Amino acid sequence: MSEKQGSLKATITVAMSNYLEAGSIVAGAGGLTLWMEYLNLNDAKLGLLGALSANGFGSAIGAFLGGILVDKFGRKFIYKYDLLVYMLGILLITFSFSFPMLLVGYVVTGIAVGAAIPAAWTYIAEEAPKGERAARVGWGQLAWSIGPAITLFLSVMLAPLGLLGSRIIFAQLFVVALITWILQQQIGESKIWTEEKEKEKSRKVVGSQDVSWKQLFTIKANLKALMLLVGIYVFWNLVAGVMGYFMPYIYETVGGLSASQANLLQGFLWTLTVAGTYFVFIKLGDRVNRKLLYGIGAAMGIAAWLVLTFGGMGMFELFTFVVLWGIAAGFGAQAFYGLWAGELFHTRYRAKAQGFIFALARVAVGLISLVVPLMISSFGFQAAGMVMIGFLLIAAVIGLIMAPETRGKSLEQIQEERYGSIPENRKQAKN
């Protein structure tokens, strides 16, 4: 096996974490009404599940801690333990018989999901050839999309089994996680991280200081990257997070669809996202102007929500929404977040910065998840839809203004352009 093939195999192995993470979020969403009926959940408990799950605060905690650990101990370090914690959470959900047990399962799974995110995007970017970085990051996005698609189609197939079907879906995630954990023990450490750690050891000999959180927020290159990535990902993810967890619920309660119809529609949406990721982001992300691709995806996403919000919930409007959003999400803010977060930070800050941004995004989703069911029932879906459109507009404007052009450049070249040859130099804060 060539070095390039080995690198791609490691990329796909790491990307499988994304399959499990997104799959666990959507598995909870797909069976939400079943759990509501079984445990007699009210709006408050429903919001709490969404807020503390892999879609909210649980993953925020995991991402913050994971970013610190991954920069300190290595990209591979997280893969020794993370999926073991994930499997524990999945088992708790699978065999839940009470709301507290279900909630603890969601929290544990959420922490594991969050912890793996900085490691996955960082490792993929660092191991990618300079002319294929978007394509390699795209494999992570592809896995993220395949997880929900398979989970939702399984929900449709297993719908006659009721809650048992939902338990089986979580059980299959446990099996896939076990296989993935075994494969991840075989990957090597990131070469770029290893080289940077060797340089840090040399610098300590002459009295250089360790990396600090202060540097992440004071060095100009870091601040610019944070402004871009927080702007596009946090605001876009407020919409995507609500969709990932509550969209089947919205289809059912607002659109009048059955649970199977809702899951089938959402499964079709994620299938289109897989197609958008492969045919646009993977195939074109290293060849076409990235600001143009980002702008097209952002415009399609806004158009989708305009149709859904002001066009009603008829089948034509739902189908139009699913096609527009589904394709656009394949090369939207999350794909570009994964790419730019890997490119724009120095190796010393890369995972820590991603952990912070992802944690911030999930805290935001957690907060809005607390009020989404109440917002829809009290003010109507159109009011909630207008809020979503506002978030998408903010993400679109920030991305179009600040998007960098980094195609064909190595991470080392980007790093030197942004930070200079000596990133720890205090003069950097003035550049």
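In this predicted model, Asn 40 is located in the loop that links helix H2 with helix H3, the latter spanning 43-52. Its backbone has a positive phi of about 55°, although Asn 40 is not a glycine. Asn 40 has a relative accessibility of 66%, and because exposed means over 50%, the residue counts as exposed.

On the other side of helix H2, which covers 32-39, a loop between helix H1 (3-30) and H2 holds Gly 31. Is Gly 31 buried or exposed? Its relative accessible area is 4%, and since the limit for buried is under 20%, Gly 31 is buried. The C-alpha atom of Gly 31 is separated by 8.3 Å from that of Ala 259, a residue 228 residues apart from it along the chain.

The description now turns to the packing of helices around H6. Helix H5 comprises residues 78-94 and helix H6 residues 99-127; their axes come within 8 Å and cross at roughly 155°. Angles over 145 degrees count as roughly antiparallel, and H5 and H6 are therefore roughly antiparallel to each other. The crossing in which H5 passes H6 is left-handed. Sorted by class, the residues in the contact of H5 with H6 are 19 nonpolar, three polar and one charged.

Helix H4, made up of residues 57-73, also packs against H6, at an angle of about 40° and with the two axes 6 Å apart. That angle makes H4 oblique to H6. Here the crossing of H4 past H6 is right-handed. On the H4 side, the contact is made by Gly 58, Ser 59, Gly 62, Ala 63, Gly 66, Gly 67 and Val 70. On the H6 side, the participants are Val 107, Gly 110, Ile 111, Val 113, Gly 114, Ala 115, Pro 118 and Ala 119. By class, the contact of H4 with H6 has eight nonpolar, seven polar and no charged residues.

Helix H6 also contains Glu 126. With a relative accessibility of 4%, Glu 126 counts as buried, because the cut-off is under 20%. Which side chains form polar contacts with that of Glu 126? One is the side chain of Arg 75, joined to Glu 126 by a polar contact of 2.7 Å. Another is the side chain of Arg 350, for which the polar contact with Glu 126 is 2.6 Å. When residues up to four places away in sequence are not counted, Glu 126 touches Arg 75, Ser 190, Ile 192, Trp 193, Thr 347, Arg 350 and Leu 411.

A further residue to examine is Thr 406, found in the loop between helix H18 (381-402) and helix H19 (411-419). Thr 406 has a relative accessibility of 5% and so counts as buried. Its side chain makes a polar contact of 2.4 Å with the side chain of Glu 343. The side chains of Thr 406 and Arg 290 are joined by a polar contact of 2.8 Å. Leaving aside neighbours within four places in sequence, the residues in contact with Thr 406 are Arg 133, Arg 290, Trp 340, Glu 343, Leu 344 and Ile 414.

Definitions and conventions:
Residues are numbered from 1 along each chain as its sequence is written. This is a predicted model: local features need pLDDT of at least 70, side-chain atom pairs count only at pLDDT 80 or more; totals for chains, interfaces and linings use all residues. Side-chain values use heavy atoms; hydrogens and water are left out. Helices (H or I, at least four residues) and strands (E, at least two) are DSSP runs, numbered from the N terminus. Buried means under 20% relative accessible area, exposed over 50%, partly exposed in between (1.4 Å probe, protein chains only). A polar contact is a pair of N or O atoms within 3.5 Å; within protein, one must be able to donate a hydrogen and the other to accept it, and residues adjacent in sequence count only if both atoms are side-chain atoms. Contact means heavy atoms within 4.5 Å. Axes are lines fitted to C-alpha atoms, for helices over the stretch in contact, and angles run from 0 to 180 degrees between N-to-C directions. Angles under 35 degrees count as roughly parallel, over 145 as roughly antiparallel, 65 to 115 as roughly perpendicular and the rest as oblique. A crossing is left-handed if the near helix is turned anticlockwise from the far one by less than a right angle, and right-handed if clockwise. Ala, Val, Leu, Ile, Met, Phe, Trp, Tyr, Cys and Pro count as nonpolar, Asp, Glu, Lys and Arg as charged, and the others, Gly among them, as polar.
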